[in-house]
Amino acid sequence: MATGAQTALYYIKETVPGTTPATPAWKALGFSSIALKRNQPSVQSERIRKDRMASPGVNGVIEVSGDLSTELVYGEQDDLLGGVFGADWATNVLKIGNQTVTPSFSILEQMEGVAGKKFRIYTGCVVNTFSLSQEAGAIVKATYGFVGMDGGFLAAAPTGSTFGAPSSNLPMTAMIGAITLDGATLANCTALGLEIDNGAESRPVVGSYKSLPITHRTSNVTGTATLYYEDSALAEKAQTEERIAISFECKDGVGNKYVFAATKVKPSDAWPEISGPEDIMVEVALTFDPDLTTGTNVSITRTPKV
């Protein structure tokens, strides 16, 4: 019997969307849960039969989608971050911008304790969504949402496969790292979330069960911040058209860090609610607008430990 405790997860960046590279050098991915699924819904015939029974249906278009939930670990997920941003790292900086190619990946699962084919492979997978969550006293959580072209079972890993070792870096925590708002330290934040949605969808065509290569569309970046209510300034800004600059660090215990930064962020829906004698909290919705000066709506800078 297979269990998640004996499952390994690997990925490789594709050169041709939907095709796993020859003799693939797989990179290991740590995960909390993996919910990728190959779905091929049946298309029901509408032909009427004399015996009143439904006519047989046929297989429809293959769809692959699902989430990889994990913890943010320095260096381990840089390719996936580039995938959701639709860009390459340049001098340790990643920006969402005007892209010409959407990166795609092959993803391989290896499950022990199962009879028959113990590998599952997904190809042509694009990182469509990304969710980052920092909460006081917790490890930083990251979720990558994929849309892919195909999936299936394998009796063995693709010919010539080699497998990298899992990262030994520690997960990043919300107990370390600074948050700044318009350049000033924000010390009363209890939770901070970032969401990226690229609007990618499968692209079915006549003559194939598979989608065409999947591409990003509009990049929507949003977020939320939950604060102890100490000052009305941010709540007041939410009632105007003013934009703010936000920067926050994700850091591990040895000094590796990512800095997420945005310079044109629209706060909204900031209205403190009194629910009892406890601390009054205010949750602020954030919308990340493009900045013509920086050329992006959000960026990441990575810095290894010294």
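Start with the overall build: two helices and 21 strands make up the secondary structure of this protein. Keep in mind that what you're looking at is a predicted model. Laid along its principal axes, the C-alpha trace spans about 70 × 55 × 45 Å.

How do the parts of the chain meet? Take the contacts between residues at least 6 apart in sequence: 68% of them join residues at least 24 apart. As for what is hidden, buried residues account for 40% of the 306 residues. On the outside, the accessible surface adds up to about 16200 Å², and carbon and sulfur atoms hold 53% of it. The charges are worth a glance too. There are 24 positive and 32 negative ones, and their mean positions sit 13 Å apart.

Now go inside. The structure has one cavity of 30 Å³ or more, and the space in the largest cavity is about 90 Å³. Which residues lie nearest its centre? Out of 13 lining residues, those are L181, L186, A225, I246 and L286. Several strands share the job of lining the largest cavity: β14 (179-181), β16 (189-197), β17 (220-228), β18 (244-251) and β20 (281-288) each bring at least two residues. The top contributor is β14, with three.

One of those lining strands, β16, is also home to C189. If you skip the neighbours within four places in sequence, C189 is in contact with I179, T226 and L227. For a sense of distance across the model, compare C189 with K27: they are 162 residues apart along the chain, and their C-alpha atoms are separated by 35 Å.

Follow the chain from β16 towards β17 and you pass through a loop that contains T218. Is T218 buried or exposed? It is exposed, because its relative accessible area is 54%, and the cut-off for exposed is over 50%. Even so, T218 does have partners beyond its neighbours within four places in sequence, namely D197, N198 and G199. L81 is another handy reference point: its C-alpha atom is 17 Å from that of T218, with their positions 137 residues apart along the chain.

L81 takes us to helix α1, where it is one of the buried residues. This helix covers residues 78-85 and is mostly covered, with seven of its eight residues buried. Besides L81, the buried set includes D78, L80, G82, G83, V84 and F85. Right after α1 comes G86, with a positive phi near 65°.

A positive phi in a glycine is one thing, but what about other residues? Most residues other than glycine have a negative phi. Two residues here are worth checking on that score. N92 is not a glycine, yet its phi is positive at about 65°. You'll find N92 in the loop between α1 and β8 (93-95). With 33% relative accessibility, N92 counts as partly exposed.

The other one is D182, a residue other than glycine with a positive phi near 50°. Where does D182 lie? It is in the loop between β14 and β15 (184-185), so this brings you back to β14, the strand that gives the most to the lining of the largest cavity. D182 is partly exposed as well, with a relative accessible area of 42%.

Definitions and conventions: Residues are numbered from 1 along each chain as its sequence is written. This is a predicted model: local features need pLDDT of at least 70, side-chain atom pairs count only at pLDDT 80 or more; totals for chains, interfaces and linings use all residues. Side-chain values use heavy atoms; hydrogens and water are left out. Helices (H or I, at least four residues) and strands (E, at least two) are DSSP runs, numbered from the N terminus. Buried means under 20% relative accessible area, exposed over 50%, partly exposed in between (1.4 Å probe, protein chains only). Contact means heavy atoms within 4.5 Å. Accessible areas come from the Shrake-Rupley method with a 1.4 Å probe; for residues, only the protein chains shown count as cover. Lys and Arg count as positive and Asp and Glu as negative; His and the chain ends are not counted. The place of a charge is taken as NZ of Lys, CZ of Arg, CG of Asp or CD of Glu. On a 1 Å grid over the protein atoms alone, a cavity is a set of points where a 1.4 Å probe fits but cannot get out, and a pocket is an open set with protein on both sides within 12 Å along at least five of seven lines; lining residues have an atom within 4 Å of a point. Grid points are joined across faces, edges and corners, and a volume is the space filled by probe spheres set on the points.
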